[in-house]
Amino acid sequence: MTIPPTISAADERLEVPGLRDLTHDWLSAIGEDPEREGLHKTPQRVAKAWAFLTAGYGRTLADAAGDAVFAAEGSEMVIVKDIEFYSMCEHHMLPFYGRAHVAYIPDGQILGLSKVARIVDLYARRLQVQERLTTQIADALGELLAPRGVAVLLEGVHLCMAMRGVQKQNSSTTTSAMRGLFKDDARTRAEFMSAVQTTLRGR
């Protein structure tokens with residue numbers, strides 16, 4: 001059964017098993033009292049939140065795409081811009097978030113537009129690094145559609161850089177993955193970059 005974007009695997013797995021007890025111990029380890037009023041229900045809330053944040057582990061590419069792959073005659077570039085994503089850095093388990101811009105050139109098949117956003121969510125809702133997330137989205141579209149080309153550009157803000165470490169609150173990270181015509185043909189790549197340029201952070 002395909003899970004719609006407003007209903008994630010977290011609704012089937014209401015909380016991550018065992019995470020209540022781990023959160024209780026974590027609170028104690030940092031010097032807090034997990035039994036005080038403000039924290040009394042925190043372990044349960046954390047277990048539920050992480051079921052949502054890691055819902056991508058309980059889904060597959062087939063779940064995300066559903067039955068929305070269609071035959072099509074066109075071969076013009078399809079671009080879905082400004083897809084918000086939220087993920088968790090696997091190095092510090094702190095959030096990173098931003099926008100994804102995804103394009104492909106069909107070769108007989110197209111994908112329902114909302115499914116592009118669902119594919120982004122599928123891989124974002126796992127412990128990630130932005131570099132891998134970018135390539136996973138590109139490879140997923142390649143697997144589903146076998147298009148003439150795929151381009152994915154992600155711009156992310158990483159709280160592991162903003163809240164700790166170098167503490168650079170205004171920094172952002174841009175990653176891209178180019179496949180097929182987007183990699184081989186400079187004009188195709190430039191067309192994509194021109195289309196998304198006005199939406200990039202710091203415009």
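This text goes through a predicted model, taking up a pair of helices, then aromatic rings on two strands, then one loop residue.

Two packed helices are described by the angle between their axes and the distance between the axes. Here the two are helix α4, residues 113-124, and helix α5, residues 130-145. Their axes are 10 Å apart and make an angle of about 135°. An angle over 145 degrees would count as roughly antiparallel, and 65 to 115 as roughly perpendicular. The angle of α4 and α5 fits neither range, and the two helices are therefore oblique to each other. The crossing of α4 past α5 is right-handed.

Which residues make the contact between α4 and α5? From α4 come I119, V120, Y123 and A124. In α5 they meet L133, Q136, I137, A140, L141 and L144. Sorted by class, this contact has 9 nonpolar residues and 1 polar residue, with no charged ones. Glutamine is not on the list of nonpolar or charged residue types, so Q136 is the polar one.

The next topic is the aromatic rings. Rings count as a pair if their centres lie within 6.5 Å, and by this rule there are 3 aromatic pairs. One of them is F85 with F96, whose ring centres are 6.0 Å apart. Their planes stand at 70°, and planes over 60 degrees apart count as edge-to-face, so this pair is edge-to-face. F85 belongs to strand β2 (residues 78-89) and F96 to strand β3 (residues 95-105), so the pair ties together parts 11 residues apart in sequence. Are these two residues buried or exposed? Buried means under 20% relative accessible area. F85 has 0% and therefore counts as buried, and F96, at 1%, is buried as well.

Another pair is Y86 with Y97, with 6.2 Å from centre to centre and 20° between the planes. This pair is stacked. Y86 is in strand β2 and Y97 in strand β3, again 11 residues apart, and the pair links distant parts of the chain. The relative accessible area of Y86 is 54%, so Y86 is exposed. Y97 has 35% relative accessibility and therefore counts as partly exposed.

The last stop is a loop. T54 sits between α2 (42-53) and α3 (61-65). With a relative accessible area of 9%, T54 is buried. What does T54 touch, leaving out residues up to four places away in sequence? The residues touched are R13, V16 and R125.

Definitions and conventions. Residues numbered from 1 in each chain as written. Predicted model: local features only at pLDDT ≥ 70, side-chain atom pairs only at ≥ 80, totals over all residues. Heavy atoms only, no water. Axes fitted to C-alpha atoms, helices over the stretch in contact; angles between N-to-C directions. Helix = DSSP H or I, 4+ residues; strand = E, 2+ residues; numbered from the N terminus. Parallel < 35°, antiparallel > 145°, perpendicular 65-115°, else oblique. Left-handed = near helix turned anticlockwise from the far one by under 90°. Contact = heavy atoms within 4.5 Å. Phe/Tyr/Trp six-rings, centres within 6.5 Å; stacked < 30°, edge-to-face > 60°. Buried < 20%, exposed > 50% of the residue type's maximum accessible area, 1.4 Å probe, protein only.
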